[in-house]
Amino acid sequence: MTKAYQQLEARFRRMNVLSDVSGMLHWDMAAIMPNGGAEARSEQLATLSVLNNELINAPDMGDLLAAAEDEDLDRWQKANLAEMKREWVHGTAVPANLVEKMSRAETGCEVAWRTARAENDFKGLLPKLQEVLDLSIEAGKAKAEALGTSVYDALLDQYDPMMRSERIDSLFAELEAFLPDFTAEVIERQKAEEKPISPTGPFPIETQNKVGLDLMKAVGFDFDHGRLDISHHPFCGGIPDDVRITTRYDVNDFTSAIMGVLHETGHAMYERGLPKDWRNQPVGKARGMTMHESQSLLVEMQACRSEEFLTYAGPVFKQAFGGDDASWSASNLYRLYTRVEPGLIRVDADEVTYPAHVILRYRLERALIEGDMKLADLPGAWNDMMQKLLGITPPDDRDGCLQDIHWPSGAWGYFPTYTLGAMAAAQIFAAAKKANPEIPEALARGAFGPLMQWLEQNIHSQASSRSTDEILQDATGSALGVDAFKAHMISRYGA
């Protein structure tokens with residue numbers, strides 16, 4: 001008779017492949033599917049979700065998980081079994097009919113969001129978004145009962161295993177004690193310095209695309225196992241062997257698209273670096289979104305906004321766009337990329353003000369999930385909190401509460417991982433440079449090899465074999481904290 005663990009591996013392999021198919025269909029929906037395909041795509045994704053739910057809810061799954069505990073397993077197999085159990089708890093908490101409803105509602109709302117944002121129509125999106133929120137709360141309540149957590153923490157656990165809002169509150173409180181005065185001091189100091197010059201456009205999309213592709217190659221992206229496309233909201237999707245990156249372009253500003261590409265390439269390198277021997281098993285997946293965001297922010301913010309990298313990138317930009325003035329110098333580009341100024345759009349925010357964007361979303365989604373705020377009141381609450389945290393008020397909902405795809409697509413509990421990831425990125429980059437002091441000099445040549453080799457050995461290859469804190473402890477010497485992030489801010493921006 002086949003051992004319980006072997007049976008479980010076979011079943012989870014099948015579930016993972018179904019999830020991979022869903023992922024590719026989501027990429028297609030975001031990148032190239034015509035809006036008229038939404039109804040059919042909704043049916044496809046709902047069917048796949050129900051099939052996966054049926055597999056995880058097989059009557060003998062609990063018995064197999066229990067039996068596997070008594071088998072002789074190595075470290076990775078034990079870690080895989082633990083991840084199987086976690087997925088089982090999440091999967092069995094939500095009935096199939098709710099899974100199907102959620103899939104259909106999220107697909108419909110995501111497609112509707114594209115039009116609603118373009119037309120600044122929050123009221124038009126509200127009924128569909130309300131349905132997604134209500135279903136997410138229903139699923140969160142079921143998972144909270146199974147996990148013994150709050151509803152919000154149950155949703156958070158989907159994206160960041162074992163992270164809890166109590167710890168986030170503590171970490172964010174440390175940030176809030178530091179950032180406001182620091183931000184004000186940096187802004188005041190930068191006013192007295194030479195103001196950076198923005199290169200003058202237009203910047204043809206074809207050229208931006210080529211520069212993005214060239215920089216992806218420099219980072220180490222393998223185009224035999226991935227591609228770059230356009231979507232309404234930049235993301236990294238697909239599967240480790242076929243990674244799909246998207247960005248969006250502005251002919252008047254090339255920096256947003258380029259940094260977006262580099263951000264998503266950081267995600268892609270993590271996916272590609274996951275252990276091949278454990279593909280299609282839970283333990284072979286990325287260790288949650290805090291770790292995933294650490295890899296994208298490490299590439300975009302830590303490495304690619306450094307003086308060393310911009311020494312390399314400046315001439316690349318200048319040649320590609322035909323620049324011939326002082327705005328294309330590496331020193332000017334560094335001042336431009338490290339300019340601190342509150343803005344409306346999260347994905348375009350500098351790294352000093354970025355945490356405020358995340359804290360805003362974290363607080364609002366918790367209030368909505370916990371019933372402390374009505375969804376219809378979101379635009380006003382958003383604008384009030386933007387004014388409080390960043391001193392600016394959006395002129396409309398398009399650049400306010402409609403700017404992100406996360407809530408329409410059902411990703412409630414995701415947002416705090418961005419700033420948690422920024423903290424982890426600072427720890428990891430500092431540790432990498434300490435282990436290999438040649439990394440900064442290599443970046444000045446556009447060589448990411450030394451950095452990526454260290455990341456693959458210490459972060460990527462660990463996948464979900466251990467917790468986020470355990471991986472960080474071994475790689476950096478401490479669990480997730482704020483100190484390295486603060487040190488990075490002070491080092492780069494002074495005050």
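**Group meeting: a small sheet and its helices**

Helix H10, residues 254-273, lies across strands E1, E2 and E3, and runs at about 165° to E3. I start there because that angle falls over 145, which counts as roughly antiparallel. One caution before going on: this is a predicted model.

H10 has company on the sheet. Helix H1, residues 4-31, also lies across E1, E2 and E3, running at about 140° to E2.

Now the sheet itself. In what order do the strands of the open sheet stand? The order is E1-E3-E2, with 3 strands and mixed pairing. E1, residues 226-230, and E2, residues 235-239, are at the edges with a single partner strand each, so one side of each has no neighbour in the sheet. From one strand to the next, the twist averages 20°.

A general reminder for anyone new to this: strands of a sheet pair through backbone hydrogen bonds, and the pairing is either parallel or antiparallel. This sheet is mixed, and here is how that comes about. E1 pairs with E3, residues 242-247, in the parallel sense, over 5 bridges. If you want one bridge to look for on screen, take aspartate 229, whose partner in E3 is threonine 246. E2 and E3, by contrast, run antiparallel and are joined by 5 bridges. There, glycine 238 has valine 243 of E3 as its bridge partner. E2 and E3 form a hairpin, with 2 residues between them.

Next, helices against helices. In general, two packed helices are described by the angle between their axes and the distance between the axes. I have three pairs.

The first pair is helix H6, residues 122-147, with helix H7, residues 151-159. Their axes come within 7 Å and cross at roughly 90°. H6 and H7 are therefore roughly perpendicular to each other. On the H6 side the contact is made by Ser136, Ile137, Gly140, Lys141, Lys143, Ala144 and Leu147, and on the H7 side by Val151, Ala154, Leu155, Asp157 and Gln158. By class, that contact has 6 nonpolar, 3 polar and 3 charged residues.

The second pair is helix H11, residues 288-303, with helix H16, residues 416-435. The axes of H11 and H16 also come within 7 Å, and they cross at roughly 60°. That makes H11 oblique to H16. The crossing of H11 and H16 is right-handed. The residues making this contact include Met289, Leu297 and Leu298 of H11, and Leu420, Ile428 and Phe429 of H16. The contact of H11 with H16 divides into 13 nonpolar, 6 polar and 1 charged residues.

The third pair is helix H12, residues 307-321, with helix H13, residues 330-337. H12 and H13 pack at an angle of about 115°, and their axes are 8 Å apart. This crossing, of H12 and H13, is right-handed. In H12, Glu307, Leu310, Thr311, Gly314 and Phe317 meet Ala330, Leu333, Tyr334 and Tyr337 of H13. The tally for the contact of H12 with H13 is 6 nonpolar, 2 polar and 1 charged.

Keep Phe317 in mind, as it leads to the aromatic rings. How many aromatic pairs are there? The count comes to 21. One of them joins phenylalanine 254 and phenylalanine 317, which are edge-to-face, 5.2 Å centre to centre with 65° between the planes. This pair links distant parts of the chain: phenylalanine 254 is in helix H10, phenylalanine 317 is in helix H12, and they are 63 residues apart. That brings us back to H10, the helix lying across E1, E2 and E3.

Two backbone details to finish, each in a loop. Where does proline 202 lie? Proline 202 is in the loop between helix H8, residues 165-192, and helix H9, residues 205-219. The peptide bond joining glycine 201 and proline 202 is cis, with omega at about 5°. The other detail is methionine 162, in the loop between H7 and H8. Methionine 162 has a positive phi of about 75°, although it is not a glycine.

That is the tour. Questions are welcome.

Definitions and conventions: Residues are numbered from 1 along each chain as its sequence is written. This is a predicted model: local features need pLDDT of at least 70, side-chain atom pairs count only at pLDDT 80 or more; totals for chains, interfaces and linings use all residues. Side-chain values use heavy atoms; hydrogens and water are left out. Two strands pair if DSSP finds at least two bridges between them. Helices (H or I, at least four residues) and strands (E, at least two) are DSSP runs, numbered from the N terminus. Axes are lines fitted to C-alpha atoms, for helices over the stretch in contact, and angles run from 0 to 180 degrees between N-to-C directions. Contact means heavy atoms within 4.5 Å. Angles under 35 degrees count as roughly parallel, over 145 as roughly antiparallel, 65 to 115 as roughly perpendicular and the rest as oblique. Ala, Val, Leu, Ile, Met, Phe, Trp, Tyr, Cys and Pro count as nonpolar, Asp, Glu, Lys and Arg as charged, and the others, Gly among them, as polar. A crossing is left-handed if the near helix is turned anticlockwise from the far one by less than a right angle, and right-handed if clockwise. Rings of Phe, Tyr and Trp (its six-membered ring) pair if their centres lie within 6.5 Å; planes under 30 degrees apart count as stacked, over 60 as edge-to-face and the rest as tilted.
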